[in-house]
Amino acid sequence: MQIGPDDTFWVVTDPTRESEFADICFVTSLRSLERQFRGGLTAAENPTIFTDRADAEAEARRRLLAVRVSRAIAHSAPGEIAENAARVALLDADGCVVFEADLQ
């Protein structure tokens, strides 16, 4: 696959606590990406290039979810999160498991 200066692709970056979806997942070109780096985008934000929109959007949702979960844990009451937690599970609005993983 060849991508020229004006061909478009998707970029996903790491979110901040204030980020919204459009802040971290956007369509761009090499020409535009160069301007974004000049404007302050850095490699520390882990920009990742995708040729497939659906893949980019899925990755952006994962990154946003990770920040939200981290914020929720950080703001939980002392003792609310057990020090010896061995498993984490995320549930949707209906209580169905959408993700679970061992922490050890």
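Helix H3, strand S4 and strand S5 (97-102) each supply at least two residues of the lining of the largest pocket. H3 gives the largest share of that lining, with four residues. Bear in mind, as you look around, that this is a predicted model. H3 turns up again in the largest nonpolar core, where three residues, the largest share, come from this helix.

**The pocket**
- The volume of the largest pocket is about 170 Å³.
- Its lining is made up of Arg62, Leu65, Ala66, Val69, Val88, Leu90, Val98 and Phe99.
- One of these lining residues, Ala66, also serves as a distance marker: its C-alpha atom is 13 Å from that of Glu18, although the two residues are 48 apart along the chain.

**The nonpolar cores**
- Eight residues form the largest nonpolar core, namely Trp10, Val12, Ile24, Cys25, Phe50, Ala56, Ala60 and Leu64.
- Strand S1 (8-12) and helix H3 (53-74) are each the source of at least two residues of this core.
- Ala60 is a handy residue to click on: beyond its neighbours within four places in sequence, Ala60 is in contact with Val12, Phe21, Ile24 and Cys25.
- There is also a second, separate core of five residues, among them Phe9, Val11, Phe26 and Leu41.

**The loop between S1 and H1**
- Two residues to compare here are Glu18, found in the loop between S1 and helix H1 (21-24), and Ser19, which lies in that loop as well.
- Glu18 has a relative accessible area of 64%, so this residue is exposed.
- Ser19 has a relative accessible area of 15%; because this is under the 20% cut-off, Ser19 is classed as buried.
- A polar atom of the Ser19 side chain lies 2.7 Å from the backbone nitrogen of Thr16.
- Leaving out residues up to four places away in sequence, Ser19 touches Ile24 and Leu64, and both of these partners are listed in the largest nonpolar core.

**Confidence**
- The protein chain has an average pLDDT of 89, and 93% of the residues score at least 70.
- Confidence in the chain is highest in S1, at a mean of 98, and lowest in strand S4 (residues 87-91), at a mean of 82.
- S4 is also one of the elements that supply at least two residues of the pocket lining, whereas S1 supplies at least two residues of the largest core.
- As a general caution, predicted coordinates should not be read in detail where pLDDT is low.

Definitions and conventions. Residues numbered from 1 in each chain as written. Predicted model: local features only at pLDDT ≥ 70, side-chain atom pairs only at ≥ 80, totals over all residues. Heavy atoms only, no water. Core = buried A, V, L, I, M, F, W, Y, C linked by side-chain atoms within 4.5 Å. Buried < 20%, exposed > 50% of the residue type's maximum accessible area, 1.4 Å probe, protein only. Contact = heavy atoms within 4.5 Å. Polar contact = N/O pair within 3.5 Å; in protein donor to acceptor, adjacent residues only side chain to side chain. pLDDT = per-residue confidence, 0-100. 1 Å grid on protein atoms, 1.4 Å probe; cavity = no way out; pocket = protein on both sides within 12 Å on 5 of 7 lines; lining within 4 Å. Points joined across faces, edges and corners; volume = space filled by probe spheres on them.
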